[in-house]
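Me: I would like a close look at a single part of this structure, set in the context of the whole chain. Please give one connected account.

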Amino acid sequence: MSSEDCRYTVGIDLGTTNTVVSYRLNEEDSGLKLLEIEQVTTAGVKEKSQSLPSFLYQPLESELESSSRSDFFQDWEDDGSWMAGIFARD
């Protein structure tokens with residue numbers, strides 16, 4: 001398969017402090033675009049960002065036991081044991 005046969009091109013930068021994903025739709029001549037990644041930015045707030053900070057946050061037991069915080073963590077990971085991105089970095 002040649003590059004002309006592809007519908008899109010994807011590039012991933014797995015950096016030490018940030019991860020960025022770029023893409024280009026081959027039908028368009030619009031150049032590279034950065035994929036916006038939805039993530040938690042502050043407690044209870046989801047926003048899109050062009051980079052995903054390479055940080056993980058593991059909540060304390062007391063945070064998981066608190067009903068308001070527990071719902072917040074359960075919303076993002078299957079078991080609520082960790083979160084990545086802006087919230088984790090900050």
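Is isoleucine 12 buried or exposed? Please begin there and work outwards to the elements around that residue.

Reply: The model is a predicted one, and the description below should be read with that in mind. Isoleucine 12 is exposed, since its relative accessible area is 57% and the threshold for that class is over 50%. The residue belongs to strand S1, which covers residues 8-14. Isoleucine 12 is also one member of a nonpolar surface patch, the others being Tyr8, Val10 and Leu14. Together these four residues present about 470 Å² of accessible area.

The pairing of the strand comes next. S1 runs antiparallel to strand S2 (residues 18-25), and the two are joined over 7 bridges. Within this pairing, glycine 11 faces serine 22 of S2. The two strands make up a hairpin, with 3 residues separating S1 from S2.

The hairpin may now be placed in the chain. The protein chain contains 3 helices and 8 strands, and their order along the sequence is β-β-β-β-β-β-β-α-α-β-α. Of its 90 residues, 22% are classed as buried. The accessible surface amounts to about 6400 Å², and carbon and sulfur atoms contribute 49% of that surface. Among contacts with a separation of 6 or more, 40% join residues that are 24 or more positions apart.

Two side-chain pairings complete the account. The structure has 1 aromatic pair. The ring centres of tyrosine 57 and phenylalanine 87 are 5.7 Å apart and the planes stand at 90°, so the arrangement is edge-to-face. Because tyrosine 57 is in strand S7 (residues 56-57) and phenylalanine 87 is in helix H3 (residues 86-89), the pair ties together parts that are 30 residues apart in sequence. The two partners fall into separate accessibility classes: tyrosine 57 is partly exposed at 23% relative accessible area, whereas phenylalanine 87 is buried at 15%.

The structure also holds 1 salt bridge. The side chains of arginine 89 and aspartate 90 form this contact, with an N to O distance of 2.9 Å. Aspartate 90 is exposed, at 65% relative accessible area, while arginine 89 is partly exposed, at 41%.

Definitions and conventions: Residues numbered from 1 in each chain as written. Predicted model: local features only at pLDDT ≥ 70, side-chain atom pairs only at ≥ 80, totals over all residues. Heavy atoms only, no water. Buried < 20%, exposed > 50% of the residue type's maximum accessible area, 1.4 Å probe, protein only. Patch = residues over 30% accessible without salt bridge, like charges linked within 9 Å, V, L, I, M, F, W, Y side chains within 5 Å. Areas by Shrake-Rupley, 256 points an atom, 1.4 Å probe, with all protein chains shown as cover. Helix = DSSP H or I, 4+ residues; strand = E, 2+ residues; numbered from the N terminus. Pairing = 2+ DSSP bridges. Phe/Tyr/Trp six-rings, centres within 6.5 Å; stacked < 30°, edge-to-face > 60°. Contact = heavy atoms within 4.5 Å.
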